[in-house]
Amino acid sequence: MSGFCVTLAEADDFEGWRAAARALVMAGVAPAEVAWRVEGDPVPLFGGGPPPVPPPDAPPPRVPRDFPELARLVCRHRDAERFALLHGLLHRLQAERGLLEDAVDAAVARAQAMARAVRRDAHKMHAFLRFREVRVEDGVPAAPLPPPPALPTASGAPGAAGDPALPREARSVALALRDMGVLEEAEDALPEEAVAAVPSAVPESRFVAWFEPEHHILRAEAGFFVRRFASLRWSILTPGLSAHWDGDAVRFGPGARRADAPAEDAAEGLWRAYFAAVFNPARLKPDAMRAEMPKKYWRNLPEAREIPRLMAEAPKRVAEMVARGATAPAGRRQRPVHLPAHLRPPPDVHPDMAADLLHDTADFAEAQAALRRDLLARNDLPPWVANATQPVMGEGPRNPLLMFIGEQPGDEEDIAGRPFVGPAGRLWNKALEEAGVPRDEAYVTNAVKHFKFTPRGKRRLHQSPDAGDIAFYRPFLLREIGLVQPRLVVTLGATALRAVSGRVMPVTKARGSLLRDAEGRPFLPTVHPSYLLRIPDPAGKAREYDRFVEDLGQAAATARGLAG
């Protein structure tokens, strides 16, 4: 028998659960004394009253950093005991601080399994949801969607599905698509017959999708579709909830039926043609395909109609491909685009001429400018580059003693257009001087050429490049190294080390070691000077700075030895 009952507003109400669970833990209420339910669910047979108010001096519960995200995901699961499970974990975490690290604990394992199921469901929604176009004329669908059955009014007589006097659940989803997705009308809303007479700017089309998620994920995943289809007006219908985007905000309404969504539109043929064109019969793996695209989603996918035919034709098409044999390569000689411009043979040089007969006559400054132009000419720059002021290229002499490679430009470098002029750069200059390395014998650049940041008011907070960013800029960095031709490369930090070596390596283990990249060029890893700026302890900061100066001196000595 439960002593208390907590009612949440929605099936995925994480904020409501968190507030209630915090109060329960602060009040010392054991999980076994609480029954959890969602508004509209049956009241527990032995349910109790509201929980007690916690004492004003009760300390708030403390949890590990990973618990809120785990709880957020579990709250979206369809398991009726999800809220009680999370309450139990929160209660135990107050005494068992390392509970989430215990993979064999039954409650932890169950919660982790729920979180994985929710993430998997969200992935399937992103991959298998298909919008279909509904033409809109004068603010209403040109071909109205089927309304749900008429529901009784308060007096017991059947009412029209579009009657504003009825509860929201009684309204037709087709009417919810009207007026760019506004679901709830004002009390003085116009009658249905007057809507067409009101001039309003409405979109010519609305895109409607039907999806049957296994869990309560629509509210959380609506933002994904807003970001991807921000310029469209769309609605996503599910059995338990509907989401409608009008260009300004997402509004949520009651669930729908499959019949409320259009069966198909004019783009169905394009989907099927595209899928058939990219289908590779030689790589057909039915078991893997069914695992990644379960049959339950096929009825919502226009391309699924082609799957049985394509699978049946696959053996014959593979046999024809084998009989035709391999495609002959193009007869024309390919341009060596992977080589730096100054190393490419002139067009009038015979391709069989020995490489040592070629001489480098390109101007260094022009070669650097060409590198910058080639970067700016790319049409596949990462999206965040649009927020940066300019690319920040390398600076220094050709054939230097040392070439230093940092992570990316900072705020000051982005504005000035020069590398290492910010706080970390000034510290590096000071250390370089103390190490006895003349500044004119050093070339400095960054692995990533644009400033990646997150805006916070008037500030721009540094955001570390991810693996994709490093991979995108790596060809430009390798081309720059070939152009500069230093005696020794010094990588500053993990990003530069990964960009030069081509793999993930811990800086702490590789620091101070003489390594070689895939081309056989020597490089020496050390920390990034920004690391020194983040050390809070003055004594520790001084020790690490002295060690950094030693690293720079070691790099210079190593480079001079290599030159000899």
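The paragraphs below lead through a predicted model, going from the overall make-up to one helix, then to aromatic rings and finally to two individual residues.

The protein holds 17 helices and 15 strands, and of its 564 residues 41% are buried. If one takes the contacts in the protein that have a separation of 6 or more, 72% of them are accounted for by residues 24 or more positions apart.

Helix α10 offers a place to begin in detail. This helix runs over residues 364-376, which makes 13 residues, and the stretch from its first C-alpha to its last reaches 19 Å, close to the 18 Å expected at 1.5 Å a residue. Within α10 the residues F364, A367, A370, L371 and L375 are buried. Looking down the axis of α10, one finds these buried residues within an arc of 135 degrees, so they line one face of the helix. The cover over the buried residues of α10 includes β10 (442-446) and α13 (467-484). At the N-terminal end, α10 is capped by D363, which has a side-chain oxygen 3.1 Å from the backbone nitrogen of A365.

The aromatic rings come next. A pair of aromatic rings is described by the distance of the centres and the angle of the planes. The count of aromatic pairs comes to 15. One of them is formed by F131 and F225, whose arrangement is edge-to-face, with 6.2 Å centre to centre and 80 degrees between the planes. This pair links distant parts of the chain, given that F131 belongs to the loop between α4 (106-128) and β3 (132-137) while F225 belongs to helix α6 (residues 218-228), 94 residues apart. Both F131 and F225 are buried. A tilted pair is formed by W384 and Y473, with 6.5 Å centre to centre and 40 degrees between the planes. Because W384 lies in the loop between α10 and β9 (402-406) whereas Y473 lies in helix α13, the pair ties together parts that are 89 residues apart in sequence. W384 has 15% relative accessibility and therefore counts as buried, and Y473, at 0% relative accessibility, counts as buried as well.

F131 and F225 also appear in a wider grouping, since one aromatic cluster is formed by F131, F224, F225, F229 and W234. Rings in this model have charged partners too: the charged end of R219 sits over the ring of F252, at 5.1 Å from its centre, and the charged end of K430 sits over the ring of Y545, at 5.3 Å from its centre.

Two further residues complete the walk. R72 has its place in helix α2 (residues 67-74), and because its relative accessibility is 28%, R72 counts as partly exposed. Once its neighbours within four places in sequence are left aside, R72 is in contact with F14 and E15; R72 and F14 are 58 residues apart in sequence, yet 5.7 Å apart in space, C-alpha to C-alpha. D105, by contrast, is found in the loop between α3 (82-93) and α4, and with 13% relative accessibility, under the 20% limit, D105 counts as buried. The side chain of D105 reaches the backbone nitrogen of V108 at 3.1 Å, and, again leaving aside neighbours within four places in sequence, D105 is in contact with R92 and L99.

Notes
Residues are numbered from 1 along each chain as its sequence is written. This is a predicted model: local features need pLDDT of at least 70, side-chain atom pairs count only at pLDDT 80 or more; totals for chains, interfaces and linings use all residues. Side-chain values use heavy atoms; hydrogens and water are left out. Helices (H or I, at least four residues) and strands (E, at least two) are DSSP runs, numbered from the N terminus. The expected span of a helix is 1.5 Å times one less than its number of residues. Buried means under 20% relative accessible area, exposed over 50%, partly exposed in between (1.4 Å probe, protein chains only). The arc is that of the directions from the helix axis to the C-beta atoms. Contact means heavy atoms within 4.5 Å. A polar contact is a pair of N or O atoms within 3.5 Å; within protein, one must be able to donate a hydrogen and the other to accept it, and residues adjacent in sequence count only if both atoms are side-chain atoms. Rings of Phe, Tyr and Trp (its six-membered ring) pair if their centres lie within 6.5 Å; planes under 30 degrees apart count as stacked, over 60 as edge-to-face and the rest as tilted. A charge sits over a ring if NZ of Lys or CZ of Arg is within 6 Å of the ring centre and within 35 degrees of the ring normal.
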